[in-house]
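Biologist: I would like to go through this model with you, one label at a time. Please justify each one.

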Amino acid sequence: MAWDYNKAEYDKQAKADPVWALERKILYGLKPGERLDEGLIVRYLDELNIPEQHRAFLRLITNS
């Protein structure tokens, strides 16, 4: 869980905005055992507000 959101607020925002949730997971890390959804990465990669080196790496591992 992120330090700046309580669980209820985080879940509400993540459900309303999948791009926001994906950015947070990429930038701040995943829970142990959690994985990123490759379909979401491919779908939203151009919309993500992430550093270019992160975007390049995600393109490399998803072949997109």
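**Reasons behind the labels**

Modeller: Bear in mind that the model is predicted. Here is a place to start: the lining of the second largest pocket splits into 6 nonpolar, 2 polar and 2 charged residues.

Biologist: Which residues line the second largest pocket?

Modeller: The lining consists of K25, I26, L36, E38, I41, H54, F57, L58, I61 and T62. Lys and Glu count as charged, so K25 and E38 belong in the charged group. H54 and T62 are therefore the polar pair.

Biologist: What makes them lining residues, and how much space lies in this pocket?

Modeller: Each has an atom within 4 Å of a pocket point. About 160 Å³ of space lies there.

Biologist: Which helix supplies the largest share of that lining?

Modeller: Helix 4 does, with 5 residues. Helix 2, helix 3 and helix 4 (52-62) each give at least two.

Biologist: How many helices and strands are there in the protein?

Modeller: There are 4 helices and 0 strands. Along the sequence the pattern reads α-α-α-α.

Biologist: Why is A8 called exposed?

Modeller: Its relative accessible area is 58%. Exposed means over 50%, so A8 qualifies. A8 sits in helix 1 (residues 7-16). Its C-alpha atom is 19 Å from that of G29, 21 residues away along the chain.

Biologist: What share of the protein is buried?

Modeller: Buried residues are 27% of the 64. The cut-off for buried is under 20% relative accessible area.

Biologist: Which residues form the largest nonpolar core, and what makes it a core?

Modeller: The 9 residues are V19, L22, I26, I41, Y44, L45, L48, I50 and L58. They are buried, and their side-chain atoms join them within 4.5 Å, so the set counts as a nonpolar core. Helix 2 (18-28) and helix 3 (38-44) each give two or more residues to this core. Helix 2 gives the most, 3 residues.

Biologist: Take L45, one of the core residues. What is L45 in contact with, beyond its neighbours within four places in sequence?

Modeller: L40, R55, L58, R59 and S64. Contact means heavy atoms within 4.5 Å, so each of these five has a heavy atom that close to L45.

Biologist: How much of the contact with a separation of 6 or more joins residues 24 or more positions apart?

Modeller: That share is 30%.

Biologist: And what area does the protein expose?

Modeller: About 4800 Å², with 52% of it from carbon and sulfur atoms. The C-alpha atoms fill a box of roughly 35 × 25 × 20 Å along the principal axes.

How values were computed:
Residues are numbered from 1 along each chain as its sequence is written. This is a predicted model: local features need pLDDT of at least 70, side-chain atom pairs count only at pLDDT 80 or more; totals for chains, interfaces and linings use all residues. Side-chain values use heavy atoms; hydrogens and water are left out. Buried means under 20% relative accessible area, exposed over 50%, partly exposed in between (1.4 Å probe, protein chains only). On a 1 Å grid over the protein atoms alone, a cavity is a set of points where a 1.4 Å probe fits but cannot get out, and a pocket is an open set with protein on both sides within 12 Å along at least five of seven lines; lining residues have an atom within 4 Å of a point. Grid points are joined across faces, edges and corners, and a volume is the space filled by probe spheres set on the points. Accessible areas come from the Shrake-Rupley method with a 1.4 Å probe; for residues, only the protein chains shown count as cover.
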